[in-house]
Amino acid sequence: MNLNSPLSASIVIVVATCLVIAYAQLFPDMAWIVIITYISTMIFLSIILAILAWFYRKHKSSIDAGEMAGIIENLDVEMIIWTEDFSAVYMNRHIRELLGIQGRNFDQQAEVMRAFGIDSANPMTVTEIVNSTSHEAHFTGADEEPVTIMWGTSIMKKTRKHTLFFSTGLNVTELKKTQFELASTNDLFNYSMGIAEIGLVMSNDMQNFIASPETVRMLALKNNTLSLKTLRSLVHPNDRLTFDGALKSTCTDNTNDIKSIEIRISSADGFYHWYTFRYKDMNRSDSLPIFSGAIIDSTQEHEKDLIIERLAYIDEVTEIANWNKLMDVGQETYEQCQLLECSYWVIVLDIDRFHIINDSSGYQNGNYILKNFANIIYKFVTPGGLGARISGDNFAVILRNYGDDDLPLRTAKAIQDEFAKSAVGNSATINLSCSAGYSRMPEDGDSFLNVFEHAEFALKSGGSENNTICGYEASMHDSIIGRNALERELALAIDNNELQLFYQPKIDLSTGRIMGVEALIRWIKPDGTIVRPDAFVPVAESSHLIGKISEFVLSEGCRQNKLWQKMGYPEIVMSINFTSTDFYQKDLKDKVFEALVKTGLDAKYLEVELTETLALSDIDYAVSQMNKLRELGVKLAMDDFGTGYSSLSYLQILPITLLKLDRSFIIDIEHDNIAYEIVSSVIRIAKSKKIETIAEGIENPNQEDILRKAGCDFGQGYYYGKPMPAEKLQEFFEENMKKTK
Ligand code: C2E
Ligand code: MG
Ligand code: MG
């Protein structure tokens, strides 16, 4: 039974009282004795019960308080029971130790307030403490280290005198320290990044990027997240390919290297700045971004670099990219092509007869034309492409290929048209034209240089014709290789004196006498094979070799003619052929004069044959060169008349002495009336201009007859004799002299 229970005691007393009353009813005589006994017994029992209850209570309550105190005292939380004036009723061991309280004698109020972090700087009322769900208190602990406790307080008991508050605290000092470290590390990090002006971008899906505060500042972003599209739109159009390549390589390249690109990005000031974008693809995991990049404003370095680059990569004359830049950008683009599976066109352009223009119009004007050409080609460079001067009059354009196969042809044609129209001022009378060759990247080569060389192959395949545009085809490769081999072989042949002049007689149609010879070059190989000029003169013309060949022809022709004169043969005219390279040389007159002086040949026995196309490519300069030769007394013949412009009006302008009717007219002259009419009209007009005429390619007496009757002065052709070596011609002389005595 629980003696402590008043109900139990009451039941016992009520039952006992009922029993006594019942007994007194049954035995009235004994009632007083029973009642007295009952009362005495009850008093005794009450005393016993009271003693027992006191004992029990005392014993029981002392056990609970001890347990409780032990638990609270050692509880792993801070605990304070306090009153409304902050006086401590109880503080457990944890908080006492933290506050450095030893023994019982301490300032209870001061220590409680200290525990709650209350001081003059941070005054707090009881109500504030009770109302705050978690009150964060800071104080200096016993070990002089800062302590942070999160207190929770509730009202424990209200008495008439006091209100007891029960506060439990959680020591969060370590947690706070970590948080602070984290926060300050992050702040410090961002702060440092700001000072160093390093922006960061990260992404774990390559679609959405998170920008660091410094990136947000540098690029004036609206917030710290941006999509790939937005990021890409900030990149300079010319650098987008590089940017795409970087992102693509991040996704495909498994190396863990830090890579770096230089790109322009639209910045806070509204201008494009150069940024070094260093990036790395992290290993894909749940916690790490797969892409992490740092952007550093490198505009200043770039400006310094630009000066250096200007010197190294910019062509001085045209102020566009030079060969070095072309190679660098070209190779970079080639690699982008492979990575991004895109394609580019490489167009190589060559100004036709630029050496002539340069010589005729002067160095200054030549530079002006080059600059002008550079500006024209630049107009056609699209974003991501490049225009560059390779050397001399050679230029290159790199164009993005969007699947338009006609683009290089159209672009080259448009450049040709603009260039032709640009002939003004000093160059107004020059026919400005250019030729082009193109190839596709990466398909047409295993490196940019290779693709570029193939575009050059295509350009060369156009031959020495002006205004050609040629696309590269694999078959050209062999012919170009053959061409290069031929060039090397020819160079050796010149050194080994394998070149020889053959002479074809020219006959005076009225007397049948030899009146001149045309010197026609032959390459006699060591095995005796004779190579005709058509097979090697064009190759020589597109290389420096033509100069050497022409020098030989000029001096050998003069020497041989003088020798024949010395040998007593009739005085005849020696005709030599000039290419445009020879003819438009600045010092042509000096060279011819030198050859004449050296050999002692009178200028009137030398004739220079020029084609119409050659003379009309720069008519003013041609006339001036012709006049210079005429001043020396050298004769001038217009070769192959009828194959080019065939404009008789030029006979008025050009100071020629002889007109050579092309073989194509002569072939038809016997059967074709029109051919005959043309030939006889040309002869008539030439005569009226005091220009003599000669027919090329006479192969039979009938042709000779017709031409003689048409008034043609001279004839040349297999009918009289094929081109032959000097000794053979001497025999021809002998025979001719005998025949025409
Ligand atoms: P060209 O100056 O018109 O020379 C005439 C060409 O016609 C020569 O060819 C000659 O052999 C050929 N020919 C002459 N009569 C007849 C004929 O009756 N029938 C036929 N079928 N052909 C005839 P070749 O010697 O092969 O020269 C070809 C071209 O090469 C020349 O045309 C000339 O433009 C150029 N050439 C020749 N020698 C030299 C040279 O020393 N220097 C330069 N720059 N070019 C040269
Ligand atoms: Mg000729
Ligand atoms: Mg000819």
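**Entry 1: a hairpin**

How many residues lie between strand 3 and strand 4 in the hairpin that they form? I began with this question, and I note at the outset that the model is predicted. I found 5 residues between the two strands. In the turn, glutamate 144 has a positive phi of about 70°.

I then looked up how the two strands pair. Strand 3 covers residues 135-140 and strand 4 covers residues 146-158; they run antiparallel and are joined by 6 bridges. Across this pairing, phenylalanine 139 stands opposite valine 147 of strand 4.

Next I asked which residues of strand 3 make up the covered face and which the uncovered one. I listed His135, Ala137 and Phe139 on the covered face. On the uncovered face I listed Glu136, His138 and Thr140. I recorded the general rule beside this list: side chains in a regular strand alternate between the two faces of the sheet.

**Entry 2: the magnesium ion (ligand 2)**

I turned to the metal sites. Which residues coordinate the magnesium ion (ligand 2)? I found Glu518 (OE), Asn577 (OD1), Glu609 (OE) and Asp639 (OD), at 2.0 to 2.3 Å. I wrote their spacing in sequence as E-x58-N-x31-E-x29-D. Glutamate 518 belongs to strand 18 (residues 514-524) and glutamate 609 to strand 21 (residues 606-611), so this pair ties together parts that are 91 residues apart in sequence.

I also looked up whether these two glutamates are buried or exposed. Glutamate 518 has a relative accessible area of 4% and is buried. Glutamate 609 is buried as well, with a relative accessible area of 1%. The cut-off I applied is that a residue counts as buried under 20%.

**Entry 3: the magnesium ion (ligand 3)**

For the magnesium ion (ligand 3), I recorded donor atoms from Asp639 (OD), Asp640 (OD) and Glu696 (OE), with Glu696 (OE) listed twice, at 2.0 to 2.8 Å from the ion. Along the chain these donors follow the spacing D-D-x55-E. Aspartate 640 lies in strand 22 (residues 635-641), whereas glutamate 696 lies in the loop between strand 24 (692-695) and helix 26 (701-709), so the pair ties together parts that are 56 residues apart in sequence.

I noted that aspartate 640 is partly exposed, with a relative accessible area of 25%. Glutamate 696, at 12% relative accessibility, counts as buried.

Which residue coordinates both magnesium ions? I found that aspartate 639 bridges the magnesium ion (ligand 2) and the magnesium ion (ligand 3), which lie 3.8 Å apart.

**Entry 4: cavities**

Finally, I looked for enclosed space. I counted 3 cavities of 30 Å³ or more. The largest cavity holds about 90 Å³ of space. Its lining consists of Gly547, Ser550, Glu551, Leu554, Phe578, Asp582, Gln585, Leu588 and Lys591. I traced this lining to its elements: helix 18 (545-566) and helix 20 (588-599) each give two or more residues. Helix 18 supplies the largest share, 4 residues. By class, I recorded 3 nonpolar, 3 polar and 3 charged residues in the lining of the largest cavity.

The second largest cavity holds about 40 Å³ of space. I listed Val201, Thr215, Leu219, Leu231, Phe243, Ile265, Phe277 and Ile295 as its lining. How many of these residues are nonpolar, polar and charged? I recorded 7 nonpolar, 1 polar and no charged residues for this second lining.

Technical notes: Residues are numbered from 1 along each chain as its sequence is written. Chains are lettered from A and ligands numbered from 1 in the order in which they are written. This is a predicted model: local features need pLDDT of at least 70, side-chain atom pairs count only at pLDDT 80 or more; totals for chains, interfaces and linings use all residues. Side-chain values use heavy atoms; hydrogens and water are left out. Donors are N, O and S atoms within 2.8 Å of the metal (3.2 Å for Na, K and Ca); water is not among the atoms, so sites may look incomplete. Buried means under 20% relative accessible area, exposed over 50%, partly exposed in between (1.4 Å probe, protein chains only). Two strands pair if DSSP finds at least two bridges between them. On a 1 Å grid over the protein atoms alone, a cavity is a set of points where a 1.4 Å probe fits but cannot get out, and a pocket is an open set with protein on both sides within 12 Å along at least five of seven lines; lining residues have an atom within 4 Å of a point. Grid points are joined across faces, edges and corners, and a volume is the space filled by probe spheres set on the points. Ala, Val, Leu, Ile, Met, Phe, Trp, Tyr, Cys and Pro count as nonpolar, Asp, Glu, Lys and Arg as charged, and the others, Gly among them, as polar.
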